[in-house]
Amino acid sequence: MSESITITDNRTGKSVEIPVVNGGVDMKAIQGLMPGTWILDPGFTGTASTESAITDLDGINGILRYRGYPIEQLAEKSNFLEVCYLLLNGELPSAAEQEKWVHDVTYHTFVHENMRKRFMEGFHHDAHPMGMLMSGIAALSTFYPEAKDIDDPFNRYKQINRLISKVPTIAAMAYRSSIGMPFNYPDNELDYSANFLSMMWKIAEPNHVPDPVLAKALDVLLILHADHEQNCSTTTMRVVGSSHSDPYSAAASATGALYGPRHGGANESVIHMLSDIGSYEDLGPFVESVKAGNSRLMGFGHRVYKAYDPRATIVKEQADKVFAVTGKSPLLDMALKLEEIALNDDYFKSRNLYPNVDFYTGLIYQAMGFPLNMFTVLFTIGRMPGWLAHWQESLEQGQRISRPRQIYTGVGVRDYVDVGSR
Ligand code: ACO
């Protein structure tokens with residue numbers, strides 16, 4: 001059997017045989033056969049937009065690997081900054097490389113004072129922290145205009161370093177501002193996740209050292225969110241980067257894509273959904289209304305995973321550890337029961353709808369004290385290395401500017417009519 005497909009253009013009788021490589025075919029061959037004929041694929045469900053060596057995702061078999069390393073091993077044995085290095089560089093760091101990387105990230109966590117005094121304080125008191133973070137990331141491009149020099153690898157490293165270092169600082173700043181509390185400066189004695197928690201929660205104590213179980217759980221959740229190949233926000237990062245924007249502008253755009261409830265906003269929607277259902281007795285009728293198409297079961301379903309999301313299993317383990325420290329969330333039992341009902345219902349089974357990573361992350365974040373509007377902010381911190389790894393890879397690939405085509409369905413040509421005659 002030949003590992004290829006043959007396409008015939010019946011208008012001309014011409015055929016082309018295209019090799020199947022890694023499960024895909026190169027569309028350029030089809031376009032060569034049928035110039036001017038477009039391939040319609042709304043939502044890109046069947047389109048590979050790029051080749052990539054970063055994340056291997058097999059949705060049928062529930063497999064997720066970063067640079068070949070299974071997500072389960074990374075969640076158990078690695079830490080977020082090491083995973084950042086792995087995603088960005090393709091290999092785990094040596095001891096010396098790790099020391100330098102951790103040092104570089106730790107010593108770039110501060111932001112320009114104008115960022116806090118003039119920029120963050122300018123937002124309305126009830127501004128959503130995700131809007132503040134997105135704007136803050138975009139604003140960084142004005143502090144580092146040299147970021148436009150995207151062809152220089154050392155310059156690229158500096159901006160990548162800054163983005164990974166400063167995003168938690170801006171995120172914590174957005175939260176503190178939203179509750180009217182003074183901003184906490186980074187604590188360079190703490191590791192990445194603990195420092196973020198310290199900037200979030202420190203009140204009057206000279207040093208705030210977060211509970212190590214909670215800091216570790218956050219670190220694991222950041223690892224789980226660090227990359228997920230060509231998802232909506234990563235595609236945005238690549239598309240914007242393809243116009244050779246600076247990385248802050250591209251990352252701000254990706255943050256905007258993540259903000260939506262069908263992507264990064266899903267864990268917030270899960271808590272809203274569980275709170276709205278109200279009681280155990282209402283779970284059955286709620287599931288029926290989902291099946292009738294009145295709403296969606298948030299935290300269920302995934303464009304790529306058609307089996308259990310491997311990240312959801314790891315999140316459930318972390319949930320047990322976190323709840324042992326914080327006490328159980330009253331919504332947890334509702335979530336467990338809802339999962340059980342859905343997993344045994346033909347509607348969900350026949351459509352391969354299983355819990356995704358976001359079904360339980362919101363419950364963990366809530367138990368740790370994060371308000372709902374910070375959930376997507378946490379996702380942004382986690383996803384930043386993935387976005388940057390893809391941005392860097394696309395530049396190294398010399399990616400052409402992203403410019404899809406369309407099938408025009410509007411009216412044909414017609415003559416302009418003066419307003420008085422319409
Ligand atoms: N609840 C109920 N029904 C669903 C759900 C859901 N969560 N998800 C999909 N379906 C149904 C659809 O109605 C459709 O049914 P039909 O064939 O009878 O029309 C079928 O399953 C296929 O759904 P699509 O919308 O085609 O799936 P798609 O791949 O486009 O959507 C998505 C994926 C957006 C994640 C969807 O499953 C969803 O909205 N889930 C809830 C939101 C969510 O949890 N998002 C987080 C994703 S993970 C992340 O971004 C980190």
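**Close-up views of the predicted model**

**View A. Y365 and F375 are both buried.** The whole set of views comes from a predicted model. Start with this duo, since Y365 and F375 also turn up in a larger group: ring pairs join Y175, F196, W201, Y365, F370 and F375 into a cluster. If you want to trace the cluster yourself, pick out the rings of Y175, F196, W201 and F370 along with these two.

**View B. Two tilted ring pairs, picked from a total of 16 aromatic pairs.** One of them is W101 with Y157, whose ring centres sit 6.2 Å apart with 55° between the planes. W101 belongs to helix 4 (residues 95-106) and Y157 to helix 7 (residues 153-178), so this pair ties together parts that are 56 residues apart in sequence. How covered are the two partners, buried or partly exposed? W101 is buried, at 3% relative accessible area, while Y157 has 26% relative accessibility and counts as partly exposed. The other pair brings back Y365 and F375: their ring centres are 5.5 Å apart and their planes meet at 55°, so this pair is tilted too. Y365 is in helix 17 (residues 358-368) and F375 in helix 18 (residues 375-396), so here the tie is between parts ten residues apart in sequence.

**View C. The ligand and the residues around it: 19 in all.** Which ones come nearest? R296, L297, G299, R303 and N356 do. Sorted by class, the shell is made up of nine nonpolar, five polar and five charged residues. Now for the polar atoms. A polar backbone atom of L297 is 2.8 Å from a nitrogen atom of the ligand. F300 also uses its backbone, with an N or O atom 2.9 Å from a ligand nitrogen. R303 brings in its side chain instead, placing a polar atom 2.7 Å from an oxygen atom of the ligand. As for how covered the ligand is, the protein buries 72% of the 920 Å² that the ligand exposes when taken alone.

**View D. A charge over a ring: R351 and Y347.** Look for the charged end of R351, which sits over the ring of Y347. The distance to the ring centre is 3.9 Å.

**View E. T109 and two polar contacts made by its side chain.** You'll find T109 in the loop between helix 4 and helix 5 (113-119). This threonine is buried, with a relative accessible area of 4%. What does the T109 side chain reach at 3.0 Å? The backbone oxygen of T106. The T109 side chain also makes a polar contact with the side chain of N188, at 3.5 Å. That 3.5 Å sits right at the limit for a polar contact, so the pair counts.

**View F. Two loop residues with positive phi: N22 and E229.** A quick reminder before looking: most residues other than glycine have a negative phi. N22 is no glycine, yet its phi is near 50°. N22 lies in the loop between strand 2 (14-19) and helix 1 (27-33), and is exposed, with 82% relative accessible area. E229, again not a glycine, has a positive phi of about 40°. The loop holding E229 runs between helix 9 (212-225) and helix 10 (232-241). E229 has a relative accessible area of 21%, so it counts as partly exposed. Buried would have required a value under 20%.

**View G. L163 and L388, 225 residues apart in sequence.** How far apart are L163 and L388 in space? Their C-alpha atoms are separated by 8.8 Å. L163 is part of helix 7. At 0% relative accessibility, L163 counts as buried.

**View H. M1 and A171, with 54 Å between their C-alpha atoms.** Along the chain, M1 and A171 are 170 residues apart. M1 sits in the segment before strand 1 (4-9). M1 is also exposed, with a relative accessible area of 95%.

How values were computed. Residues numbered from 1 in each chain as written. Predicted model: local features only at pLDDT ≥ 70, side-chain atom pairs only at ≥ 80, totals over all residues. Heavy atoms only, no water. Near = heavy atom within 4 Å. Polar contact = N/O pair within 3.5 Å; in protein donor to acceptor, adjacent residues only side chain to side chain. Areas by Shrake-Rupley, 256 points an atom, 1.4 Å probe, with all protein chains shown as cover. Nonpolar A, V, L, I, M, F, W, Y, C, P; charged D, E, K, R; others polar. Phe/Tyr/Trp six-rings, centres within 6.5 Å; stacked < 30°, edge-to-face > 60°. Helix = DSSP H or I, 4+ residues; strand = E, 2+ residues; numbered from the N terminus. Buried < 20%, exposed > 50% of the residue type's maximum accessible area, 1.4 Å probe, protein only. Lys NZ or Arg CZ within 6 Å of the ring centre and 35° of its normal.
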